[in-house]
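Please walk me through this structure, starting from a single residue and ending with the chain as a whole.

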Amino acid sequence: MFSSLQDNKIFIQRFLTFFVIFFIFVYSILHGNIFYFDDIPREIRHKIYFIHDGRVLSELLYILLDASHSIYDISPLTQLLSILILSFSLTILSAKWKMNTISAILSLSFIVCSPYFLQNLSYRFDSLTMGSALSCAILSIAVKDENWSAKTTLYKIFWSLCALNFYQSSANVILSLIAFSSLIKLYNSSPRITFSYFNRNMIFIISSLLIYKIESKIIHLHIYAQEHARTIFKPLYIIKNLFHLSENALSEFGIKGGHLEEILGVILTISFIRMLHIFYKNRGTNSVMMAFGFLVFAFFSLTGPLILLYHPVYSMRTLMANGVLLSIAIFFNIGPQPTLYKNKISIAIATYTLFIPFIFSYLWGNALHDIQEMNMDIASKIVEDVYSISDGRPVIIRNLTHHQPPLGYKTPHDIDYSFNSMIHFQDSTGIIDTPVPPIAKSILHHRRAIAERDFLFREWDFSYFLMKMKGLQDNAAFIPELLENSEFSKQEALNIRASCSYDAIIKRRFYNLYKRDNHIVVDFHRECPHQP
C-alpha cells in the first residue's frame, strides 16, 4: 500500500492528522479526569475480570501492560494509546480504498468521532480495550482482498476474532464496514462481482462469530456475562430488540429531537439520496438497487447480533457502528479524490458535519466532569458523616434512592425540568432521586445523541467503591440497594425512614443519614414522611 518514500510521507502525514483530530475529540474527557462507572471498582480492587466476560485479549493486554494479574490506573495513557492505534488502522484502510488525505480525514474520522463512541473512550481502563476492538474490526476490512484467497479469509477471521475478544460489540462495526466496502466495490465493479465479494465477507464474519461462540462455551463466563450472552430466536423478541436498539442508535440522527441531531439526520438523508443518484447515473438500475440493499444492511448493522440476545445492553458503548453510517454518507458525498478547487461545497459540508460530534464531545466531557465533582463531594461527606455518627465503630450501610410517586404524578417527559440540583426519572419501583448539577442536567436533557443517567449512588456497589476512594472506614459494610440481606434488609431501612425511628440523624443538602444501632441509612429522598 505504502511502498515508496513519497507514500511513506503520505502515511505519516495522514496518521498524524488522524491522531491530532482524535486527540482534540477526546480532550474534554482527558481534561475532566473522569472516573467512569466500571473504573471505580477497578481502581479499588485492582482486579482483572475481562476473561470471564469473554474478552480474552482484553485480559492479556492488561497482563502485558502491568506484568501481573492486577491492574493499575495509567489513564490518560490508555485513551492516548487507543486513538494512536485507531489512527494507524484508519490510515491503512484509507490506503486500501485509495482515498486521498482530504477524503480519508473527512469521511473515516466519523468512525471514531461518533457521539456514541464517547462512552467507550470515557473509561480509564476499557478505553484501550474497546479502542483495540474497533481497530481490529477496521483491520479485518483493511486486509487486501482484490484477489481473494484462503489466506485472505484466514487474515480476516484472525482480525475479527481479535476484535470480538477485545469487545463483542465490535461485530456491529465489522458488519457495517462490510456494507461500506461492498458499496465501494460496487462503484468500481459489476453487481455480479460485488455480490460475490459481499458473500465472501459474510462468510468470514459468520465463521468468526461461530468460532467465538464455541470459544465462549469453553471459557467459564460469570453469571452476568452468561445472562447477556444468551441468544434467543423468537421472532417477536427479535423485533422488539431491533425496534428498541434501532431507536437508541438513530437518536444520534434526530428521531427523538435535538437540533444538531436533526441536522445530522438531514445531512445523512440527503447524502444517501445523492449517493443512490450517483449509482443510478453511473452504474444503472441494477447497481442502484444493490446499493440500496447495502444501505439497508448498514442500518441493520447498527444493532447487529445484539438483536439476537435475550438481554442486550441498551447503552451508547454497544452501538459502536453509528459512526460508520456517517462515514458512508460523507464518502459518497465528497468522493475518494476530492480537491479544494473542485469540491469546495462538498468539503465545507463534510467539515461542518465532522465539527458537530466535537460539540457533543465537549458537552459530554463537561457534563461528566460536573457530575463526578458532585458525586465525589457527596461521597466525601457521607464518609465523614458515617465516621462521625458511628464514632468509628463497625456499621452496615444502605442507600435509599427511591420514593413512591404521588397520585397523578406525570411522567418525566411531561414535567418541567427547572434548574434545581436533583434529576427525577421513573423506573418500575418509583421515582429515583439522583443528585446532578444544574449545568450537567441541562446538557443531558437538551441533547439526544449523548445519554447518561447518574446511577452511582443507587446501582449495585458503585457508591461503595466511590466512598472507599474517599476513605470509608474499613469496618463499614455496604449492602447495594437492589440486594437483600438478612443482617440489614431493605424493608428495615424503609421502616427506619418511614417511622423516623433512629438514634441519630445528620441532614445534608442531598441526603439524610439515619443511624439505628449499627445500621446506617443514607436517604436521598431527604425526609421522614412522619417527621413533624
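**From one residue to the whole chain**

In this predicted model, T303 sits in the loop that runs between helix 14 (285–301) and helix 15 (322–334). Is T303 buried or exposed? Its relative accessible area is 0%, and buried means under 20%, so T303 counts as buried. Leaving aside residues up to four places away in sequence, T303 touches N172, L242, L245 and S246.

One of these contacts, N172, leads to helix 9, which covers residues 170–188. Helix 9 has 19 residues, and the distance from its first C-alpha to its last is 27 Å, close to the 27 Å expected at 1.5 Å a residue. Helix 9 is mostly covered, with 17 of its 19 residues buried.

The view can now widen to the full protein chain. Its secondary structure comes to 19 helices and 8 strands. The radius of gyration of the protein chain is 25 Å, close to the 24 Å that the globule rule gives for 532 residues, so the chain is as compact as a globular protein of that length. Along its principal axes, the C-alpha trace spans about 80 × 50 × 50 Å.

Of the 532 residues of the protein chain, 55% count as buried. Among contacts between residues at least 6 apart in sequence, 76% join residues at least 24 apart.

On the outside, the accessible surface of the protein chain comes to about 23400 Å², and carbon and sulfur atoms account for 63% of this surface. As for charge, the protein chain has 46 positive and 40 negative side chains. The centres of these two sets lie 12 Å apart.

Technical notes: Residues numbered from 1 in each chain as written. Predicted model: local features only at pLDDT ≥ 70, side-chain atom pairs only at ≥ 80, totals over all residues. Heavy atoms only, no water. Helix = DSSP H or I, 4+ residues; strand = E, 2+ residues; numbered from the N terminus. Expected span 1.5 Å × (residues − 1). Buried < 20%, exposed > 50% of the residue type's maximum accessible area, 1.4 Å probe, protein only. Rg over C-alpha atoms; globule rule 2.2 N^0.38 Å. Contact = heavy atoms within 4.5 Å. Areas by Shrake-Rupley, 256 points an atom, 1.4 Å probe, with all protein chains shown as cover. Lys, Arg positive; Asp, Glu negative; His and termini not counted. Charge placed at Lys NZ, Arg CZ, Asp CG, Glu CD.
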